[in-house]
Amino acid sequence: MPTIKKVLNSSVILANDGDGEDYIVLSKGIGYGRKPGQWVDVEQESKIFVPQTPSEMNNLMELLNTIPPVYLEIVRDVVKKAESTFNTSLNKHIYLALTDHIQFAIERIKNNMIITNRVFWEIKSFYAKEYGIGKYALELIKERLDISLPDEEAANIAFHIVNAQREENVQFDAMRAAKLIGMVTSIVTYTMRIEANKDSIHYSRFITHMQYFAERFFTGQTLDSEDDFLYSNMEVKYPKAIACAEKIRTLLIKEYEKMIPNEEVAYLAIHIQRLNESRR
């Protein structure tokens, strides 16, 4: 049975599982009147964060010593909602990152400091489900703390949710991805003269493909075959779609100084052509 290593407050303790692993436990009253070394009964759902390094542990201890447990309770419920929505487990680092973010956001509001999210529209549009989780978080904050945060904070929280869906060793930045998707979508709608219907299943599928493309692009895992069969085939059958995809390649070289292979351009053209055909 786990033992208490440190009581942080009445609702949060640091426990040890007996095998050398420390983890944070969040449960109302679990630390009340308890002392280090005592056995503690820990429900699986109460175990929320396992620090991997001494630095993470120190950061978490400092954070938990300076904020009320309700902040962590909000984050726990937000994570639970997100994991249920996407049917996946989030990277556990989100507990530290999101708790810290919400605390700072509330401090800014109290001090009348407004920081503009430059990719608010992109996050809201291209990561709609994650944005919905962000709105849920704002509702919890209003309900439990009686503090109203602006809708832009829902996008900031969505950014953390997007990133937390990736593996620990995958470097991904949702805000950069949202900006890239916004630029690509603008080129496609303008060049192909497509009026984007955000409620359309075809547009939704296109955005999903662009999300995967952005992830491949920023993680250096773009598609690249040994021949240009697909590119050559698309060039003959759908020259307008290829021309549009080439505009995107030129933009990416200019903005990020990164070349994408012909196969990736060909797949971009396929998705562009499908979106173009869907309006007929």
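Turn α5 so that its buried side points away from you, and you'll be looking at the exposed residues K129, E139 and E143. This is a predicted model, and the notes below cover α5, two loop residues with positive phi, and one buried glutamine.

**Helix α5**
- The buried residues of α5 are E130, Y131, I133, G134, A137, L138, L140 and I141.
- These buried residues sit on the same side of α5, because they cover an arc of only 165 degrees around the axis.
- What do the buried residues of α5 pack against? Their partners are α2 (69–86), α3, α4 (120–126) and α6.
- The length checks out too: with 18 residues at 1.5 Å a residue, α5 should span 26 Å, and its end C-alpha atoms are 25 Å apart, which agrees.

**Positive phi in the loops**
- Most residues other than glycine have a negative phi.
- D146 isn't a glycine, yet its phi is positive, at about 55 degrees.
- You'll find D146 just after α5, in the loop that leads from α5 (128–145) to α6 (151–164).
- Buried or exposed, what is D146? D146 counts as exposed because its relative accessibility is 58%.
- R193, also not a glycine, has a positive phi near 55 degrees.
- R193 belongs to the loop between α7 (174–191) and α8 (201–218), and with a relative accessible area of 72% it is exposed.

**Q103 in α3**
- Q103 is part of helix α3 (residues 94–110).
- At 14% relative accessibility, Q103 falls under the 20% cut-off, so it counts as buried.
- Leaving out residues up to four places away in sequence, Q103 touches L63, T66, I67 and Y71.

Note on methods:
Residues are numbered from 1 along each chain as its sequence is written. This is a predicted model: local features need pLDDT of at least 70, side-chain atom pairs count only at pLDDT 80 or more; totals for chains, interfaces and linings use all residues. Side-chain values use heavy atoms; hydrogens and water are left out. Helices (H or I, at least four residues) and strands (E, at least two) are DSSP runs, numbered from the N terminus. Buried means under 20% relative accessible area, exposed over 50%, partly exposed in between (1.4 Å probe, protein chains only). Contact means heavy atoms within 4.5 Å. The expected span of a helix is 1.5 Å times one less than its number of residues. The arc is that of the directions from the helix axis to the C-beta atoms.
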